[in-house]
Amino acid sequence: MRKIGESAAAARTSSPGNVVPARALIGLSLEMARRLQPALAPALVSSGDGVCDAAAELEYCGERRAFSGVQLLAMLLRHLLDLANRDHGSPIGEAIVAVPHSFTPAQRRAVLDASELAGTRCLGLVSEGAAAALDYALSRPDLPTDSDRLVAFVDAGYSGTQACVAAVRRGRVRVLAHSCALGAGGEVRAGARLWRQPPQRPSCVPNPPMHRPLLPSRCTRTP
C-alpha cells in the first residue's frame with residue numbers, strides 16, 4: 001500500500017527504510033544523492049536513466065522495487081492534483097510548480113518530467129520564496145501603496161533550510177535575495193547559517209566565504 005504525505009509520517013519510525021522524501025533524489029546522480037542525503041534510510045541504487053540515475057529501493061506490493069526521483073515526485077504531484085481537483089470541483093489540467101531556488105537546470109527539467117508523468121501541464125516553475133512572497137502579497141489587504149514593506153520568508157524543510165527577502169507593496173512583489181543551506185533541515189539544523197546570494201544567480205553554497213548576513217534589520221516580522 002502506498003502512503004503519501006501525512007499518512008506516511010508515522011512510517012518514519014515504524015519502517016524508516018521504506019520512507020523517502022519525494023524531492024530528495026530529483027535530478028541527481030547516484031553519487032550526488034549519496035553525498036547530499038547521507039542519512040537517508042532507504043537503499044540508494046541506480047535507475048539506469050542516464051546521468052540523473054539516483055533511485056530509492058522500496059518495498060511496494062510485497063516486493064522490492066527501485067523508484068527514480070521523477071517517479072517519486074510524480075506520485076506526490078498526482079496526490080496534490082487529486083486534492084486540488086476535489087476542492088475545486090472540476091479537473092485542473094495546468095499548474096505552476098514551486099521549486100527551491102537552489103535547484104539546478106537538471107533538477108528543474110526533472111520536475112517538468114514529473115509534472116508530465118503526473119498528468120498535468122506545467123506552465124512554469126517559480127522559486128518557493130517567490131511563491132511565498134506572492135501568496136503573502138495577495139492575502140494582505142493592509143499593504144502600503146507608495147512604499148515597500150521588506151518581508152523575510154524562512155522555510156525549514158526536511159533536507160534544507162532556505163530564506164527569501166522580498167519588497168512587497170500593493171500590486172508589486174520584488175524578490176531581493178535568496179539563500180539556502182543544504183543539510184540544515186529536518187533533524188539536522190545545528191550550525192546552520194544562511195548567506196546572502198544575488199537574486200540573479202540563484203545558487204546554494206554550503207561553505208561560502210564571508211558575506212553580509214542575509215536578513216536586513218528593516219525586515220517586518222509578521223505572524
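**Group meeting: salt bridges, a three-stranded sheet and helix α5**

Arg23 has a relative accessibility of 34%, so this residue counts as partly exposed. I begin with Arg23 for the sake of its partner. The side chain of Arg23 meets that of Glu128 in a salt bridge, with 2.4 Å from N to O. Arg23 belongs to the loop between α1 (11-14) and α2 (30-36), whereas Glu128 belongs to helix α5 (residues 128-139), so the pair ties together parts that are 105 residues apart in sequence. Is Glu128 buried or exposed? Its relative accessibility is 16%, and Glu128 therefore counts as buried, given that the cut-off for buried is under 20%.

Please bear in mind throughout that this is a predicted model.

Let me now place this pair in the overall architecture. The protein has five helices and eight strands. Read from the N terminus, the elements follow the order α-α-β-β-β-α-β-α-β-α-β-β-β. Of the 223 residues in the protein, 35% are buried. As for contacts between residues at least 6 apart in sequence, 51% of them join residues at least 24 apart. The protein exposes about 13300 Å², and carbon and sulfur atoms supply 53% of that area.

I turn next to the open sheet. This sheet has three strands in the order β1-β2-β3, and the pairing is antiparallel. Its edge strands are β1 (43-46) and β3 (63-68), each of which pairs on one side only. On average, and with direction ignored, neighbouring strands of this sheet are turned by 45° against each other. Helix α3 (residues 69-88) packs on the sheet and touches β2 and β3; the direction of α3 makes about 90° with that of β3.

How many bridges join β1 and β2? There are four, and β1 pairs with strand β2 (residues 54-60) in the antiparallel sense. One residue pair to locate on the model is Ser46 with its bridge partner in β2, Ala54. Between β2 and β3, which also run antiparallel, there are six bridges. Here Glu57 has Ala66, in β3, as its bridge partner. β2 and β3 form a hairpin with two residues between them, and in the turn Cys61 has a positive phi of about 55°.

The loop between β1 and β2 contains Asp53. With a relative accessible area of 13%, Asp53 is buried, because buried means under 20%. Which residues are in contact with Asp53, once neighbours within four places in sequence are left aside? They are Leu28, Ser29, Leu30, Val45, Ser46, Ser47 and Gly48. Ser46 thus appears twice in this account, as the bridge partner of Ala54 and as a contact of Asp53. Between Asp53 and Met32 the separation is 21 residues in sequence and 9.9 Å in space, C-alpha to C-alpha.

I come now to the salt bridges as a group. A search of the whole structure finds nine of them. Besides the pair of Arg23 and Glu128, I would draw attention to those that involve Asp148. The side chains of Asp148 and Arg169 meet in one salt bridge, at 2.7 Å from N to O. Arg169 lies in strand β7 (residues 160-169), and Asp148 lies in the loop between α5 and β6 (149-156), so this pair ties together parts that are 21 residues apart in sequence. Asp148 itself counts as partly exposed, at 28% relative accessibility.

A salt bridge of Asp148 with Arg174 is also found, at 2.7 Å from N to O. Since Arg174 lies in strand β8 (residues 172-182) and Asp148 in the loop between α5 and β6, this pair ties together parts that are 26 residues apart in sequence. Arg174 counts as partly exposed, with a relative accessibility of 37%. Through shared partners, salt bridges join Asp148, Arg169, Arg172 and Arg174 into one network.

I close with helix α5, which holds Glu128. At 1.5 Å a residue, the twelve residues of α5 should span 16 Å, and the end C-alpha atoms are 17 Å apart, which agrees. Which residues of α5 are buried? They are Glu128, Gly129, Ala130, Ala133, Tyr136 and Ala137. In an α-helix there are 3.6 residues a turn, so residues three or four places apart point the same way. The cover over the buried residues of α5 includes β4 (94-99), β5 (121-127), β6, β7 and β8. Two of these strands, β7 and β8, were met above as the locations of Arg169 and Arg174.

Terms used:
Residues are numbered from 1 along each chain as its sequence is written. This is a predicted model: local features need pLDDT of at least 70, side-chain atom pairs count only at pLDDT 80 or more; totals for chains, interfaces and linings use all residues. Side-chain values use heavy atoms; hydrogens and water are left out. Two strands pair if DSSP finds at least two bridges between them. Axes are lines fitted to C-alpha atoms, for helices over the stretch in contact, and angles run from 0 to 180 degrees between N-to-C directions. Contact means heavy atoms within 4.5 Å. A salt bridge is a side-chain nitrogen of Lys or Arg within 4 Å of a carboxyl oxygen of Asp or Glu. Buried means under 20% relative accessible area, exposed over 50%, partly exposed in between (1.4 Å probe, protein chains only). The expected span of a helix is 1.5 Å times one less than its number of residues. Accessible areas come from the Shrake-Rupley method with a 1.4 Å probe; for residues, only the protein chains shown count as cover.
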